[in-house]
Amino acid sequence: VQLQAFGGGLVQAGGSLRLSCAASKSVFKIGLMGWYRQAPGKQRGLVATITSGGNTNYGDSVKGRFTISRDNAKNTVYLGMNSLKPEDTAVYYCAADAQSDKYSTMSRYWGQGTQVTVSS
């Protein structure tokens with residue numbers, strides 16, 4: 001299963017960005033999808049996750065500013081980011097729990113990461 005993320009970039013504080021991440025079309029089943037981020041010198045941490053049924057979970061630092069959504073027909077997860085702050089600067093990774101075929105087990109897959117930089 002391959003995940004490809006798009007949409008990172010440089011934005012001023014207070015601005016907005018939208019990330020997207022598409023899983024390979026041949027995947028058999030996708031469960032939880034989400035976004036994590038890693039800033040320099042810090043561990044990777046939760047941004048937001050969303051189940052196939054649409055239940056969401058957010059990290060405390062992004063609640064009220066970020067919105068996660070998904071399009072199950074397109075195997076794609078999105079992250080809308082508003083009111084961005086310099087402390088949101090990080091590499092953002094998408095993740096998905098997926099089965100590559102009906103014989104495999106559900107496993108966690110990661111995208112390649114996309115840089116988000118928020119200038120003050």
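## The β7–β8 hairpin

In this predicted model, strands β7 and β8 form a hairpin, and four residues lie between the two strands. N75, in the turn, has a positive phi of about 50°. The pairing of β7 with β8 is antiparallel and extends over six bridges. Within this pairing, I68 is placed opposite L79 of β8.

The side chains of β7 alternate between two faces. F66, I68 and R70 point to one face and are buried. T67, S69 and D71 point to the other face and are not buried. I68, which faces L79 across the strand pair, therefore belongs to the buried set, given that buried means under 20% relative accessible area.

## The four-stranded sheet

β7 and β8 are part of an open sheet of four strands with the order β1-β3-β8-β7 and antiparallel pairing. β1 (3-6) and β7 stand at the edges; each has a single partner strand, so one side of each lacks a neighbour in the sheet. From one strand to the next, the twist averages 15°.

Inside the sheet, β3 (residues 17-23) is joined to β8 by six bridges, and the two strands run antiparallel. One of the paired positions is C21, whose bridge partner in β8 is V77. β8 thus has a place in two pairings: with β3 through six bridges, and with β7 over six bridges. In general, strands of a sheet pair through backbone hydrogen bonds, in either a parallel or an antiparallel sense.

## D88 and its arginine partners

D88 is located in the loop between β8 and β9. Its relative accessible area is 1%, so D88 counts as buried. Leaving aside neighbours within four places in sequence, D88 contacts R37, R65, F66, S83, V116 and V118. Among these contacts, F66 is one of the β7 residues whose side chains are buried.

Two of the contacts of D88 are also salt-bridge partners. With R37, the closest N and O atoms of the salt bridge are 2.9 Å apart. This pair links distant parts of the chain: R37 is in strand β4 (residues 29-38), D88 is in the loop between β8 (76-81) and β9 (90-99), and 51 residues separate them. Both D88 and R37 are buried.

With R65, the closest N and O atoms of the salt bridge are 2.8 Å apart. Here too the pair links distant parts of the chain, with R65 in the loop between β6 (56-58) and β7 (66-71), 23 residues from D88. R65 has a relative accessible area of 11% and is therefore buried. Salt bridges with shared partners join R37, R65 and D88 into one network.

## Other salt bridges

The structure holds four salt bridges. Besides the two formed by D88, they include one between R108 and D97, with the closest N and O atoms 2.5 Å apart. R108 is in strand β10 (residues 107-110) and D97 is in strand β9, 11 residues apart, and the pair links distant parts of the chain.

The two ends of this bridge fall into separate accessibility classes. R108 has 34% relative accessibility and counts as partly exposed, whereas D97, at 18%, counts as buried. As a general point, side chains of opposite charge can pair when their charged atoms come close.

## The chain as a whole

The protein has 11 strands and zero helices. Its pattern along the sequence is accordingly β-β-β-β-β-β-β-β-β-β-β. Among contacts between residues at least 6 apart in sequence, 55% join residues at least 24 apart. The salt bridge between D88 and R37, 51 residues apart, is one link between distant parts of the chain.

The radius of gyration is 14 Å, which agrees with the value near 14 Å for a compact globule of 120 residues. Taken along the principal axes, the box filled by the C-alpha atoms is roughly 50 × 25 × 20 Å. Of the 120 residues, 42% count as buried. The exposed area of the protein is about 6,400 Å², and carbon and sulfur atoms supply 47% of that area.

Terms used: Residues numbered from 1 in each chain as written. Predicted model: local features only at pLDDT ≥ 70, side-chain atom pairs only at ≥ 80, totals over all residues. Heavy atoms only, no water. Salt bridge = Lys/Arg side-chain N within 4 Å of Asp/Glu carboxyl O. Buried < 20%, exposed > 50% of the residue type's maximum accessible area, 1.4 Å probe, protein only. Pairing = 2+ DSSP bridges. Axes fitted to C-alpha atoms, helices over the stretch in contact; angles between N-to-C directions. Contact = heavy atoms within 4.5 Å. Rg over C-alpha atoms; globule rule 2.2 N^0.38 Å. Areas by Shrake-Rupley, 256 points an atom, 1.4 Å probe, with all protein chains shown as cover.
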